[in-house]
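Student: Could you take me through one part of this model closely? I would like to see how its pieces fit together.

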Amino acid sequence: MSEFLQRLKERKLVQWAVAYLAGAWALLQVLDLAANGYGWPLAVIRIAFAVIALGFVVTLLLAWYHGERGAQRVGGVELLLLAGVFAIGGFLIWHYADPAQSRADMTAAALTKASSSDLAAQGSASPAPEPAVASSAIPAKSIAVLPFENLSEDKGNAYFADGMQDLILTKLADIGQLKVISRTSTMKYASHPDDLKTIAQQLGVATILEGSVQKAGNQVLINVQLIDAHTDSHLWAESYTRNLENIFGVEGEVAGKVADALKAKLSPEETSAVASISTRNSQAYTLYLKAQY
């Protein structure tokens, strides 16, 4: 053991390690400030940490090697190795800290301040993903409708799940007291994501509406659930078993139940708009959903 410690002392490994760690710590602080200032994604810090960790190993190996030779000079091969490590790290940081992406995030934050009903009616495109919104700034009566999951054995029925989400979203957008996030902002997310709280913060909403649709022939099963994103608890859930002849108006029923759960008051005009049924022709209904899809 004493011989090993003597070798460490001769090769100055402790001094090299301390100096490297001090420099790495300072570099990470600078990167953290830059990431916060320019809106870089968390991946930048993770990549920087990985590159620094790899550089630490390389530095210790070089220190031991040159200590064995009794020299503290770094040759051309070692310089190329170090340059390669930091060049790869620099490229990855540059790639994930693309200024164009940062500008897209800033644009998305501005778009979320617009009227949700205008966004739904105009079909405005909303860049993704949006930066997280502080919990204190999120309205309690705010909601995002995630893409509905298609549970049908026939995957060609995906249009039905997609259309049902769109119809419910349109009905919710008719309710003035609700802040409703546009479909273009939510379509990038999974139907049942694991981290609802983070997604809700990114979208700036307090609640998430999830759903699934299973269609077999003329029969349709629709499951919907309203979730408080902060507590991950269910505020309301319902299953609708219908056939194509009496499915009309389900989207209005769902929108009304969501409004009740969020204690949103509807004006007479809004009540009429939510309850209105555009058609009772099952063939026209199906064709409309396919066209929307």
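**A close look at the core**

Tutor: Happy to! Let me start with a helix residue before we turn to the core. Glutamine 29 sits in helix α2, which covers residues 13-38. Keep in mind that this is a predicted model. Because its relative accessibility is 35%, glutamine 29 counts as partly exposed. Its C-alpha lies 10.0 Å from that of isoleucine 45, a residue 16 positions away in sequence.

Now to the interior. The largest nonpolar core is made up of 35 residues, and Phe160 and Leu172 have the most contacts inside it. Two or more residues each come from β1 (142-145), α7 (158-173), β4 (207-216), β5 (219-228), β6 (233-243), α10 (250-261) and α12 (282-292). Of these, α7 gives the most, with 8 residues. In soluble globular proteins, nonpolar side chains tend to be buried together.

Helix α7 deserves a second glance. Its 16 residues reach 23 Å from first C-alpha to last, close to the 22 Å expected at 1.5 Å a residue. Of those 16 residues, 15 are buried, so α7 is largely enclosed by the rest of the structure.

Leucine 172 gives a view from inside. Leaving aside residues up to four places away in sequence, leucine 172 touches Ile143, Val145, Leu178, Val180, Ala255 and Val258. Apart from this largest core lies another one, of 12 residues, including Tyr189, Leu196, Ile199 and Ile208.

How values were computed
Residues numbered from 1 in each chain as written. Predicted model: local features only at pLDDT ≥ 70, side-chain atom pairs only at ≥ 80, totals over all residues. Heavy atoms only, no water. Core = buried A, V, L, I, M, F, W, Y, C linked by side-chain atoms within 4.5 Å. Buried < 20%, exposed > 50% of the residue type's maximum accessible area, 1.4 Å probe, protein only. Helix = DSSP H or I, 4+ residues; strand = E, 2+ residues; numbered from the N terminus. Contact = heavy atoms within 4.5 Å. Expected span 1.5 Å × (residues − 1).
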